[in-house]
Amino acid sequence: MAVSVDEAVSTGPARDRTPPARRLGGRGRSVLEVALLTLLAVVMLFPVLWMIETSIKENRDVYAIPAKFFGFTVTMDHFKDVFVAPGGGRSALSVSFLNSVVVAGVSTLLATVLGVPAAWAYSRFAVKAKKDQLFFILSTRFMPPVVVVVPIFLMYRQVGLIDSKLGLILIYAAFNVPFTIWMMKGFVDEVPAEYEDAAMLDGYTRLQAFWRFTLPLLVPGIAATAVFALIFSWNEFVFAIFLTSSDSVRTAPPAIAGLIGGTTVDWGLVAAASVVFALPVLVFAYLVRKHLIAGVTLGAVRR
Amino acid sequence: MASATPPAPGRSRRLSDRGLAVAFISPALLLLLAMSVFPLLWALYLSFTDYSATRGGPAHFIGFGNYTAILTSAQVHQRALTTLIYVVGAVGLQTVLGFAIAYLISRRTHGRGLLTTLFLVPMMLSPVVVGLFWRFMLDAQFGVINSMLGSLGLGQVEWLTRQRTALISLIVVDTWQWTPFIMLIALAGLTAVPKYLYEAASIDRASEWFRFRTITLPLVWPLLLIAVLFRAIEAFRLFDLVYILTNGGPGVSTETLSFHVYKVAFLGFNTGTASAYGILMVLVVIVLTQLYLRYLNKLKEG
């Protein structure tokens, strides 16, 4: 006899009736589920909390054995060290943060300016071999970065783009264009083409129809797409470490990774730098939470 | 070029449309050609030579020499096995965990949004931050993981300095970062399952397991498969996490194919060999991408 779970809510002691696990009473089961979920959430969030905790600990508490969870001395020194050099003045880390802002910002702008019109054109017009073109565009995004970085390195060496922000901006834009096109194509598809047809009947040209009527409707989509591109550029490490070397050009990921180069590692500083670095990403991610699925699957799957 | 000339009135408009399409698409394609295709073609050329980036000098054409060397190398087979263990282990683990979390969340009515957002945090962090932080937590001496094991009365583990545990650590960290991805996609699938199907099933007094097997799983499966495929592509080309967390070591126990290419290219400076290696990896990715797209199209039609 199959009993639906809702009917099998038992208030009595479950052990006496020896129910099969599957038919555990509704409430007991619910409690179990909540407990399991809480446990999983704690495990998933613990590293992040530990990072934040480490960033505000005195050094002797950071290296305490056994690890100190509570009752440590709170200090903001590590955060100060992230921004201020030991002798005063700006630290190398703060310069790298600024570089990250410039590189991520400009490359995102470039990818948006190139990608949005292309997405519109792919959505609206019968382009020759459209499917093949779109596949090609997507596949460039999936290429292993270590593989691409070898010829890019040689190419940049030839044209003098090694160790320059422009070099990074170009490669990040190139990696974000496929994403922008795929994600924006979805947004454009949702805007009825009839709007443009109607505008053209009113005497506007196709370009004007796009500019005046479709583009304003795409703004929220463009914003979401740009934020994802921004997050990608902000977090990128492989190109950054192989194509740049000087402190004045390096972005934050290789700079933070560089903190563990020596024999002793200042984990407090690493933690503080990581927290500062992760903060904008988390804020941005929160802003685009509605578009997360489209964003993480390159816009190919929408909810 | 001029096939089937359209009627006169429409013609100018269609031509301007085509001009607009070309003007809008070509800048993006040009950037991709310059930054992706051109380097790749260059790598393709180099893959048939013995060129070395440090030695300089002219490149000598050696045919398929690099390719046969790679495909018959025992070293490469070893790296391929490591990569396979890592990809299967990590993606498998995060699929099971991610789906389980999504299933648990989908059964809750309260706090669903908050829970989802919290679970998504790891995915948003940079691999550098993730790698560094886990390196700290897994430290044999003062790492918090060993500290907790110690207070539970368990022995200490040299997570990153023992061959077997290093690969396990890599899988664990990757799973930590990417379980949220699978969870997110699975949750989208689970919430999209129409309620009336469950209602119909409960009228038929179908068991929980039966409902899960015949309603939930088949409806979520295509989406889940896409997530798995996507993760497999990403895991296959993973480099940064290995670089930060273990640097391929100890020995070569966590040296994946991606990491090996880097060593051949930037430590050994055998640019030609590295290029051939890279081309082979790109071929694998292209096959995987094809699969990914095929399932996507199926999903969109269905």
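In this predicted model, residues 134-156 of chain A are 91% helix and 0% strand, and the C-alpha atoms at the two ends of the span lie 27 Å apart. The span comes from the UniProt record, where an unreviewed entry lists it as a transmembrane region of chain A, together with residues 31-52, 97-122, 168-188, 209-234 and 267-288. Residues 168-188 of chain A, also on that list, are 100% helix and 0% strand, with end C-alpha atoms 29 Å apart.

The record, again as an unreviewed entry, also gives residues 97-288 of chain A as "domain: ABC transmembrane type-1". Over this stretch chain A is 80% helix and 0% strand, and the end C-alpha atoms are separated by 22 Å.

Turning to chain B, a helix pair invites a look. Helix α9 of chain B (residues 208-236) packs against helix α12 of chain B (residues 271-301) at an angle of about 165°, and their axes are 10 Å apart. Because an angle over 145 degrees counts as roughly antiparallel, α9(B) is roughly antiparallel to α12(B). The two helices cross with left-handed geometry.

On the α9(B) side, the contact is made by B:Pro222, B:Leu223, B:Leu225, B:Ile226, B:Leu229, B:Phe230, B:Ile233 and B:Phe236. Their counterparts in α12(B) are B:Met281, B:Val284, B:Val285, B:Leu288, B:Thr289, B:Leu291, B:Tyr292, B:Tyr295, B:Leu296 and B:Leu299. In this contact of α9(B) with α12(B), 17 residues are nonpolar, one is polar and none is charged.

Definitions and conventions
Residues numbered from 1 in each chain as written. Chains lettered and ligands numbered in written order. Predicted model: local features only at pLDDT ≥ 70, side-chain atom pairs only at ≥ 80, totals over all residues. Heavy atoms only, no water. Axes fitted to C-alpha atoms, helices over the stretch in contact; angles between N-to-C directions. Helix = DSSP H or I, 4+ residues; strand = E, 2+ residues; numbered from the N terminus. Parallel < 35°, antiparallel > 145°, perpendicular 65-115°, else oblique. Left-handed = near helix turned anticlockwise from the far one by under 90°. Contact = heavy atoms within 4.5 Å. Nonpolar A, V, L, I, M, F, W, Y, C, P; charged D, E, K, R; others polar. UniProt positions renumbered as here; feature names shortened; annotations may be inferred.
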